[in-house]
Amino acid sequence: MRGSPDDGREETAFLAGGGEMGARIRAFDWAKTSLGAPEGWPQSLKTTVRLLLSSGHPMFIWWGPELLQFYNDAYARSIGPERHPGALGGPGRPCWAEIWDIIGPQIEQVMAGRGATWHENHLVPITRHGRREDVWWTYSYSPIDEPEAASGVGGVLVICAETTERVQAERAAARELENLGRLFDQAPTFMALLHGPEHRFQLANPSYLRLVGGRPVAGKTVLEALPETAEQGFVGLLDEVFRTGQPFIANGVRYLMPLEAGDRPVERFLDFIYQPIIGPDGLVAGIFVEGADVTDRALAEAALRESEDRFRAQADHLRLMVDELNHRVKNTLATVQSVTDQTLRRAQIAASVRQALTSRLIALSRAHDVLTNENWSGADLHEIVAQAAAPYQPEGAERRLSWRGPDVRLSPRAAIALAMTLHELTTNAVKYGALSTPTGRVTLDWVSPEDGGLRLTWREQGGPPVTPPVRTGFGTRLIQRGLPGELGGAVSVDYAPTGVVCVIEAGSVELIDRRTGAAPEAA
C-alpha cells in the first residue's frame, strides 16, 4: 500500500519549531553528510533533536564517528560568530580544536560507553568575538543510545550553562573576604564576633586574644572562656545589647585580666563598642565587638591630672609667696619713706630737698604697683606713663599731659628706670617748664623704628621761655646716665626756647601690637 502525501512531513515533524536553529537544521542539506536525510535518522537521534529544539536550556549534540553537530538557539548565544552558524552539521574535532585536549577525552569516554560525565564551574576557554576568553561552564555529557553502534552509544548530548559571571563574582567575593580576613587579623584594634543569646565566640582576632592573655575562646561562650567578664559587668552589657538591639559604646572602661593563682590581675583600660548584628528575620543574631586598649592613654591622663594638681599647688604657693613679697616690699618702701622724711627733718634739710626725695620714693612705689599687678613679669608702658602723670592730672581736670604709642612690654628693671625718668621730667615741667603755666602742654610719643627698639619723645610747649640750666642736677644725671644702662640706648635733652625736648632711644624692650599681637610698624 502506497503512503499518503503527508508521510514525509510526519517523518520530519521532530524538526518543527526551535526558532532560528530549528529553521537552520531544517534547511541544512543533511543528505550530503554521512548521516543522510532526516527521515532516515535513528529514532534516538530524532528524539534527542526534538528535545534540543524544544528546550530553552543550552543544548548541543555530537553524533556518530564524525561527531556531527547540532545545537539550539540558547547554545548559539554562547559560542560567538567564530562557530555560529558554521558549526551546524560539521565534524566536532576541527570545530573545537583549540579545546580538544580538554573535551576530547570526555567525549571519547561517553562514546566508548563508559558512562556520562559531570563538570561544575569548569574552566573551558574559548575564542569568541575575536578574542580568547576564560569561560566557566557547568555541563554534562550524556550518552544517546544507539543499538546498532559498536559501543551501544550513537552520540553525546551536552546540557550546559555558562557560569562565568557567577564564578568571577564568587572569586571576587572570596578575595574580598580574604582581604577582610587579613584586615581582621592584622587590625590593631581587638575584634570578636559573638553568636546567639549565650554570646558564643565565632571569631576573635589576634589583638583580642592578646587582650585576654591568649586564652582559647573559639566555640566557647564568653562566660565559659572569660568568667571574669561576668563579675566585671561585661556579660550583663552584652545581654542588654542582645535584648534591646541597641549598640553600647564605652570609653576608658577598666578591665582586670586574671593571671595565675596568687598573681595580681593585669589592669587594662578599654574603649569599645558592642554592635548588634541583625539577622534576616529582623532579630538580633549576634554581637560584633570592636575596641582598643587605651591603657597608656588612661595612665597618661591620670598622671597629667595629678601633674596639673603638683602644678596648681605650686602655682598657689608661688602666688602666696609673691603676694607676701609684694606686701613686704611695699611696707619697706613706706618705711624707707617715713625714715627718710624724719631723718631729713632732724638734719634740717631744706623742705624742697625732702619733697624731691619723697616724691621719688612715691614714684618708685607706683612703678612697683604696676609690676605687682603683672606678677613682676614686666609692665606695659602705657601703665607706667599713666602712673607718672596721675598726680598732675586730677580727675575731671583738663588733660595737659597726653601720650600715644604702641603697646610695649618692659622688663621690671627697665620699667622702674623709665618710671623714675618720667617722674623727673614731669617734676621739672611742673616747677620750671610747660606745666608751670595754665597754657602749657606736654606730649609723649613713642614709636618703633625700622631697625627695632623704641624711641620716646618728650615735648613741652606753651610754657615760659627755656634757658639751659647752669649746673646739672640729680634728676638730669639720673636721666642721662642711669636710664641708658637699663634700656640699652641713649638719652638726649634739648633745652629749646619753646620747650624742653627729651629723646630716649631704647633697645632692650619687647614690642606687642595691641590689635594683632604682632610687632607694630613704625609710626
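Two strands pair if DSSP finds at least two bridges between them. Helices (H or I, at least four residues) and strands (E, at least two) are DSSP runs, numbered from the N terminus.

The model is predicted: local features need pLDDT of at least 70, side-chain atom pairs count only at pLDDT 80 or more, and totals for chains, interfaces and linings use all residues. Residues are numbered from 1 along each chain as its sequence is written, and side-chain values use heavy atoms, with hydrogens and water left out.

**Exercise 1. Pairing around S6**

Task: find which strands pair with S6, and in what sense.

Solution.
Step 1. Take strand S7 (153-162). S6 and S7 are antiparallel and share 9 bridges. Within this pair, Ser 142 stands opposite Leu 157 in S7.
Step 2. Take strand S3 (117-123). S3 is joined to S6 by 5 bridges, again in the antiparallel sense. Here His 119 stands opposite Tyr 139 in S6.
Step 3. Check burial. Buried means under 20% relative accessible area, exposed over 50%, partly exposed in between (1.4 Å probe, protein chains only). S6 has 7 of its 10 residues buried, so it is largely enclosed by the rest of the structure.

**Exercise 2. Helix H7**

Task: compare the span of H7 with its expected value, then list what its buried residues pack against.

Solution.
Step 1. H7 covers residues 164-186, 23 residues in all.
Step 2. The expected span of a helix is 1.5 Å times one less than its number of residues. For H7 that gives 33 Å. The model has 32 Å from first C-alpha to last, close to the expected value.
Step 3. Thr 164, Val 167 and Phe 184 are buried in H7.
Step 4. Contact means heavy atoms within 4.5 Å. The buried residues of H7 pack against S3, S6, S7, S8 (190-195), S9 (200-204) and S12 (284-293).

**Exercise 3. The S1–S2 hairpin**

Task: describe the pairing, the turn and the side-chain directions in this hairpin.

Solution.
Step 1. Strand S1 (residues 59-63) runs antiparallel to S2, with 4 bridges between them.
Step 2. Phe 60 stands opposite Tyr 71 in S2.
Step 3. The hairpin has 4 residues between its strands, and Gly 64 takes a positive phi near 75°.
Step 4. S2 spans residues 68-71. Leu 68 and Phe 70 point one way, Gln 69 and Tyr 71 the other way, and all are buried.

**Exercise 4. Backbone checks**

Task: inspect the backbone at Pro 85, Asn 121 and His 199.

Solution.
Step 1. The His 84 to Pro 85 peptide bond is cis, with omega near 5°. Pro 85 sits in the loop between helix H4 (73-76) and helix H5 (92-95).
Step 2. Asn 121 is not a glycine, yet its phi is positive, near 50°. Asn 121 belongs to strand S3. It counts as partly exposed, because its relative accessibility is 24%.
Step 3. His 199, also not a glycine, has a positive phi of about 60°. His 199 is in the loop between S8 and S9. It counts as buried, because its relative accessibility is 2%.

**Exercise 5. Cysteines and Ile 504**

Task: count the disulfides, then place Ile 504.

Solution.
Step 1. A disulfide is a pair of cysteine sulfur atoms within 2.5 Å. By this rule the count is 0.
Step 2. Cys 95 is buried at 18% relative accessibility. Cys 502 is buried at 1%.
Step 3. Ile 504 lies in strand S19 (residues 499-506). Its relative accessible area is 4%, so it is buried.
Step 4. Ile 504 and Ala 490 are 14 residues apart in sequence, and their C-alpha atoms are 6.1 Å apart in space.

**Exercise 6. The whole chain**

Task: summarise the chain and say where its confidence is below 50.

Solution.
Step 1. The protein chain has 17 helices and 20 strands. Of its 523 residues, 40% are buried.
Step 2. pLDDT is the predictor's confidence in each residue, from 0 to 100. The chain averages 83, and 78% of the residues score at least 70.
Step 3. Residues 1-7 have pLDDT below 50, with 0 contacts beyond near neighbours in sequence. Residues 511-523 are also below 50, but that stretch has 24 such contacts in the model.
Step 4. Where pLDDT is low, the predicted coordinates should not be read in detail.
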